[in-house]
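Colleague: Before we discuss this model, could you put the sequence and the structure where both of us can see them?

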Amino acid sequence: MTLESKDIQAIVRAASAKGTPLRIRGGDTKAFYGRQTNGQPLDVSGHAGIISYEPTELVITARAGTRLNDIESALAESNQMLPFEPPHFGDGATLGGAVASGISGPARPYTGALRDFILGVVCINGEGEHLSFGGQVMKNVAGYDVSRLMAGAMGTLGVMLELSLKVLPKPACQLTLAFSIDAATAIATMATWAAQPLPLSAACYDGEILRVRLSGSESGVNAAHQKIGGEEVADGDSYWQALREHRLPYFSNKQPLWRLSVPAATPATSTDGQWMLDWGGAQRWCVSDIPADMIRQQASSVGGHAILFRGGDRTTEVFHPLTPPLVTLHRRLKDAFDPKGILNPGRLYRDL
Amino acid sequence: MTDPNPQPAKIGAAEKQSLIDSLQAFLPTASVLHREEELRPYECDALSAYRQLPLIAVLPETVKQVQRILRLCSARKVPVVARGAGTGLSGGALPLANGVLLSLAKFNRILDLDPVNRVARVQPGVRNLAISQAAAPHALYYAPDPSSQIACSIGGNVAENSGGVHCLKYGLTVHNILKLEVVTIDGGLVTIGADALDSPGYDLLALMTGSEGMLGVIVEVTVKLLPQPESARVILAAFDDIEKAGDAVACIIGAGIIPAGLEMMDKAAICATEDFVHANYPTDAEAMLLCEVDGTSAEVTEQIARVEDVLNSCGATEIRRSNNEQERAVFWSGRKAAFPAMGRISPDYYCMDGTIPRRRLGEVLARIEQLSQEYGLRIANVFHAGDGNLHPLILYDANKPGELERTEELGGKICQLCVEVGGTITGEHGVGVEKIDQMCIQFDKSELTQFHAVKHAFDPDGLLNPGKAVPTLHRCAEFGAMHVHGGKLPHADLPRF
């Protein structure tokens with residue numbers, strides 16, 4: 001069903017007047033992510049469609065309910081792509097959901113994160129006001145960067161209506177290479193290569209095999225292959241897609257799935273659980289039943305953090321606890337956008 | 001929502017002395033400046049048309065001292081303006097007559113450089129270029145390269161979200177930092193971001209970047225370092241028509257090439273810089289493009305050939321390519337000297353900073369030319385063509401009565417034009433005091449109110465750099481009235497030299 005922005009605005013205004021909590025949803029493909037919440041469903045998947053796309057400007061503007069599939073198809077027609085390779089986690093995944101969850105795919109350490117490509121947002125805040133921030137140009141420092149603030153905020157600051165993103169050309173050539181090595185060697189190798197001018201676009205170690213993706217011009221990719229060696233993986237693209245969508249056998253385990261974000265060269269740990277090192281070592285998946293405090297302590301001790309990504313108890317905090325001064329700033333920012341606390345309350349943290 | 005920019009009360013001599021005494025209780029006497037001759041160097045940043053002596057200037061050396069300064073100012077409701085190297089172009093570091101100017105010049109140390117994780121932890125007063133110089137032995141560098149990179153400091157880069165000629169490919173400051181240590185107005189110390197690629201909660205790192213000293217004082221920055229490209233080459237292309245040059249930019253990007261830098265200059269800019277640096281620029285051309293590609297040697301060779309094909313098919317009248325580092329430096333020398341070159345042909349110049357959708361370039365340049373004739377002021381255009389960031393340079397003479405005012409009005413018209421075509425009033429220089437009225441064109445009442453609410457979340461009493469970046473609704477109402485009635489000076493409440 002088509003949903004106009006004024007319809008969404010009316011729903012938010014009514015909810016604001018009554019203090020009714022809303023649970024914003026697009027394709028509902030990421031319902032597993034974040035804390036479990038209750039609220040009156042606000043389905044924005046009907047607010048869909050690409051508003052403008054000019055390939056030579058490298059910018060696309062689309063309504064938040066537009067399916068990622070539709071956006072990626074439109075970009076592919078001009079041989080372009082979303083450089084941050086957002087996971088869909090289901091057919092109905094929308095642009096708004098991708099931005100709200102802020103999750104980026106395998107290319108993230110080399111090409112950039114979802115938040116890096118956000119240029120502008122049109123949204124409705126918790127008081128039902130229709131607001132526009134940023135724009136459709138690459139460089140824009142007028143006003144605070146509210147657009148990027150929406151990335152990963154889990155819908156707690158505003159209902160997104162439209163998003164403008166920077167896009168990039170698809171690489172002319174991609175090649176996936178495999179190396180059978182141990183964990184310590186894999187971590188050191190990924191760090192060494194990342195410090196060299198190589199056309200890397202992904203690197204993941206699954207406990208036995210290090211897979212590396214090279215992207216760029218054919219001559220550049222071939223020259224890099226000559227330099228680093230490795231065994232060519234047939235149909236490498238489907239491996240990275242399966243990794244991005246959590247369709248590898250590793251992710252079929254029913255135990256809680258933790259995501260650790262740590263400095264890339266952090267040594268491997270012996271913590272109980274099965275590990276998968278993506279993002280050149282900077283994003284580490286851990287399937288484990290060990291207590292949350294232990295795994296969080298481990299991430300904090302090296303300057304990172306841990307998220308209970310999937311499974312486990314979704315009524316406790318699933319995102320890494322914030323320091324007291326950050327809790328204060330988060331609380332005040334939430335009040336600044338949503339003083340009645342009606343937008344996805346508790347989805348990110350219990351008190352937001 | 002309360003007014004985030006309350007005008008703090010005037011401060012009398014006794015109160016000033018009491019503040020000096022309190023500051024000297026924990027700062028060395030020489031770090032608390034209060035006499036006119038000591039304060040003079042702080043009266044402006046690189047937008048020297050606006051000048052104001054601060055009440056007091058302080059030069060702390062430790063984070064604890066910064067915390068105590070902010071705690072003291074917070075308790076006494078004294079506004080604070082943070083300052084880095086003072087190279088800002090929008091008056092973001094313009095002092096307040098009743099405020100403390102907080103210089104971070106003594107925070108000039110690189111604290112740690114980790115070549116394995118490719119990060120550097122630095123103090124805010126460290127110069128942009130010094131980071132790349134320190135990383136060079138590891139074949140790494142810090143990517144954003146604003147034209148003032150020899151002098152500008154990283155703290156200021158974060159406050160303004162600075163770019164540079166390479167940001168089409170490598171991004172702005174916001175894309176190249178990981179973590180900040182920030183002192184809040186109540187004197188608290190908060191870590192924003194992390195040593196990892198992301199951190200939990202809201203993206204406060206993005207919010208702080210480009211916030212123009214309105215939300216907190218940055219006392220430490222962790223930046224990402226990138227591997228130096230193996231090779232870089234630049235192509236210079238001349239065009240007999242500026243629209244053809246604009247189309248060529250679109251064709252290069254449409255061909256799937258993301259150059260490391262893609263710059264355009266119009267005839268006025270070409271001629272002025274050629275007279276200055278003798279880079280052998282084509283002075284008979286209407287427009288000139290500089291297109292740099294970098295990467296592995298194999299990639300660069302392939303891409304240079306493709307760029308050349310595209311330029312030829314777009315009607316370039318002349319194409320030259322750099323064959324070595326020396327030639328590359330010569331090609332860039334004119335572009336990099338464009339601003340000082342204007343200083344040679346005009347007593348003063350005023351640099352604008354709008355960003356526009358690239359496809360509107362021809363139309364925008366034609367309208368800028370019309371405005372130039374209407375106001376009787378020459379304009380030269382240099383353009384970060386790859387990302388649509390236009391720098392019209394308005395040439396004027398401040399000694400001619402009324403010329404600065406006409407220049408400002410013309411600048412305002414150009415800002416308005418950029419917003420009309422779907423762009424923004426500032427791409428990389430910031431709003432500061434300079435473009436504060438034009439913020440009223442770009443944002444409506446509810447958006448400005450939301451900005452004020454964000455400010456309020458960090459700084460409830462409105463003490464950090466008040467009066468900059470985000471106008472009060474009252475100010476916008478007056479600005480609107482000015483447009484209706486005309487003839488009144490813009491920024492009537494701001495000091496003039």
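Modeller: Axes here are lines fitted to C-alpha atoms, for helices over the stretch in contact, and angles run from 0 to 180 degrees between N-to-C directions. This is a predicted model, in which local features need pLDDT of at least 70 and side-chain atom pairs count only at pLDDT 80 or more, while totals for chains, interfaces and linings use all residues. Residues are numbered from 1 along each chain as its sequence is written, and chains are lettered from A and ligands numbered from 1 in the order in which they are written.

Colleague: At about what angle does helix α1 of chain A run to β8(A)?

Modeller: Helices (H or I, at least four residues) and strands (E, at least two) are DSSP runs, numbered from the N terminus, and two residues are in contact if their C-beta atoms, placed from the backbone, lie within 7 Å. Helix α1, residues 5–18 of chain A, lies across β6, β7 and β8 (159–166) of chain A. Its direction relative to β8(A) is about 135°.

Colleague: Which are the edge strands of the open sheet in chain A?

Modeller: Two strands pair if DSSP finds at least two bridges between them. The sheet has 5 strands in the order β3-β4-β8-β6-β7, with antiparallel pairing, and the twist averages 10° from one strand to the next. Strands that pair on one side only are the edges, and these are β3 (50–54) and β7 (130–134) of chain A.

Colleague: Which residue in β7(A) stands opposite A:Ile124?

Modeller: Strand β6, residues 118–124 of chain A, runs antiparallel to β7(A) and is joined to it by 5 bridges. The residue in β7(A) that stands opposite A:Ile124 is A:His130.

Colleague: How many Å separate the centres of the two domains of chain A?

Modeller: The bounds, which come from an automatic or database domain assignment, divide chain A into domain 1 (5–169) and domain 2 (173–310). Their contact takes 12 residues from domain 1 and 14 residues from domain 2. Taken over C-alpha atoms, the separation of the two centres is 27 Å.

Colleague: Which element gives the most to the side of chain B that touches chain A?

Modeller: The contact between the chains takes 76 residues from chain B and 69 residues from chain A. Elements that give two or more residues to the chain B side include β9 (189–193), α8 (242–254) and α10 (297–313) of chain B. With 9 residues, the element that gives the most is α16(B).

Colleague: Why does B:Asn108 count as partly exposed?

Modeller: B:Asn108 lies in the loop between β4 (100–103) and β5 (110–114) of chain B, and, leaving aside residues up to four places away in sequence, it touches B:Gln123, B:Gly125 and B:Val126. A residue is buried if 20 or more other C-beta atoms lie within 10 Å of its own, exposed if 12 or fewer, and partly exposed in between, with C-beta atoms placed from the backbone. B:Asn108 counts as partly exposed because its number of C-beta neighbours inside 10 Å is 16.

Colleague: Which residues of helix α9 of chain B are buried?

Modeller: Helix α9 of chain B spans residues 267–277 and is followed by B:His278, whose phi is positive, near 50°. What covers its buried residues includes β13 (261–266), β14 (287–295), α11 (325–336), α12 (338–345) and β17 (379–384) of chain B. The buried residues in this helix are B:Ala269, B:Ile270, B:Ala272 and B:Thr273.
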